[in-house]
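Biologist: I would like a close look at one part of this model, set in its surroundings. Please start with the overall picture and work inwards.

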Amino acid sequence: MYTDPHAIYLNLSCLDFLLVELIPMSERVVEVIGERKTSNGNAMPAILIEKDGRIGEEERRGAVFKHVEGLGYRVGQGLVERFSQDRPRFTDVLDVMKFICKDLWHLIFRKQIDNLKTNHRGVYVLTDNSFRLLMRMSTEVGGLDTVTRAQPYLWFPCGVLRGALANLGVQATVVAETTAIPVAVFHIQALRQD
């Protein structure tokens, strides 16, 4: 495991608070940008605008995803740039995934990924059975409502993973899901490098 004696670690509570505010802030940003674009005329494609001139729910959710995931992407790139600079280059994608699961995850969440599965054809499944960002999450209704509301909070870590992988030379798509709180499952599809 990588340890840097000069590293200044982020307080986990600060990370929790940041991510708790990140989703509502991104929703407000998308709403303001959407209002500006629709009031200026044809700045936004017609398929995104509903009959009343507002952005549709699916399009708004997609824009929030893009914003949050983009922020995570940049964080992932920076983390890997900082913490892999003294390591030898990775020889294959599996070595990169092991670095992500052991070193990077520990750096961010103070624990390793609980399970890494692969089909050896570019598909990797990372499972965290006690994902820190979902540990204290609940809603009044509970159950499926909590799982549904938890999904946007997985977008930032998806971006972190995608950014880290990109900076390590692996272009990939990352999708996360949760079926029970606090379990988070990240599906990574490494794109072929021809």
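Among contacts in the protein chain between residues at least 6 apart in sequence, what percentage join residues at least 24 apart? Then please turn to helix 5: which of its residues are buried?

Modeller: The percentage is 62%, for contacts between residues at least 6 apart in sequence. A contact here means heavy atoms within 4.5 Å.

Some ground rules come next. This is a predicted model, where local features need pLDDT of at least 70, side-chain atom pairs count only at pLDDT 80 or more, and totals for chains, interfaces and linings use all residues. Residues are numbered from 1 along each chain as its sequence is written, and side-chain values use heavy atoms, with hydrogens and water left out.

Confidence first. Mean pLDDT (the predictor's confidence in each residue, from 0 to 100) is 82 for the protein chain. Of its residues, 79% reach 70 or more. Strand 2 (residues 123-128) has the highest mean, 97. Helix 1 (residues 12-39) has the lowest, 78. Residues 42-51 fall below 50 in pLDDT, and beyond near neighbours in sequence this stretch has 16 contacts in the model. Where pLDDT is low, the predicted coordinates should not be read in detail.

Now the layout. The protein chain has 5 helices and 4 strands. These are DSSP runs, numbered from the N terminus: H or I of at least four residues for helices, E of at least two for strands. Their order from the N terminus is α-α-α-β-β-α-α-β-β. Of the 194 residues, 38% are buried. Buried means under 20% relative accessible area, exposed over 50%, and partly exposed in between (1.4 Å probe, protein chains only).

On to helix 5. It covers residues 155-167. Of its 13 residues, 11 are buried, so the helix is largely enclosed by the rest of the structure. The buried ones are W155, F156, P157, C158, G159, V160, L161, G163, A164, L165 and A166. Its end C-alpha atoms are 18 Å apart, which agrees with the 18 Å that 13 residues should span at 1.5 Å a residue. The expected span is 1.5 Å times one less than the number of residues. Just after helix 5, G169 takes a positive phi of about 90°.

Helix 5 also feeds the largest nonpolar core, as one of the elements that give two or more residues to it. A nonpolar core is a set of buried Ala, Val, Leu, Ile, Met, Phe, Trp, Tyr and Cys residues joined through side-chain atoms within 4.5 Å. This one has 45 residues. L165 is among those with the most contacts inside it, along with I100, L104, L126, F131, F186 and I188. Helix 1, helix 2 (57-83), helix 3 (93-109), strand 2, strand 3 (172-177) and strand 4 (184-190) also give two or more residues. The largest share comes from helix 3, with 10 residues. In soluble globular proteins, nonpolar side chains tend to be buried together.

L104 links back to helix 5. Leaving out residues up to four places away in sequence, L104 touches A164, as well as L79, V80 and F99. A164 is one of the buried residues of helix 5. V80 is buried in helix 2.

Follow helix 2 from there. Its 27 residues reach 39 Å from first C-alpha to last, close to the 39 Å expected. Its buried residues are R60, V64, V68, E69, G72, G76, V80 and F83. Two of these, V64 and V68, are touched by S26, as is H67. S26 sits in helix 1. At a relative accessible area of 0%, S26 is buried.

Last, the backbone outliers. Most residues other than glycine have a negative phi, and most peptide bonds are trans. R110 has a positive phi, near 65°. R110 lies in the loop between helix 3 and strand 1 (115-118) and is partly exposed, at 33% relative accessibility. H120 has a positive phi too, near 60°. H120 is placed in the loop between strand 1 and strand 2 and is exposed, with a relative accessible area of 64%. The peptide bond from I181 to P182 is cis, with omega near 10°. P182 belongs to the loop between strand 3 and strand 4.
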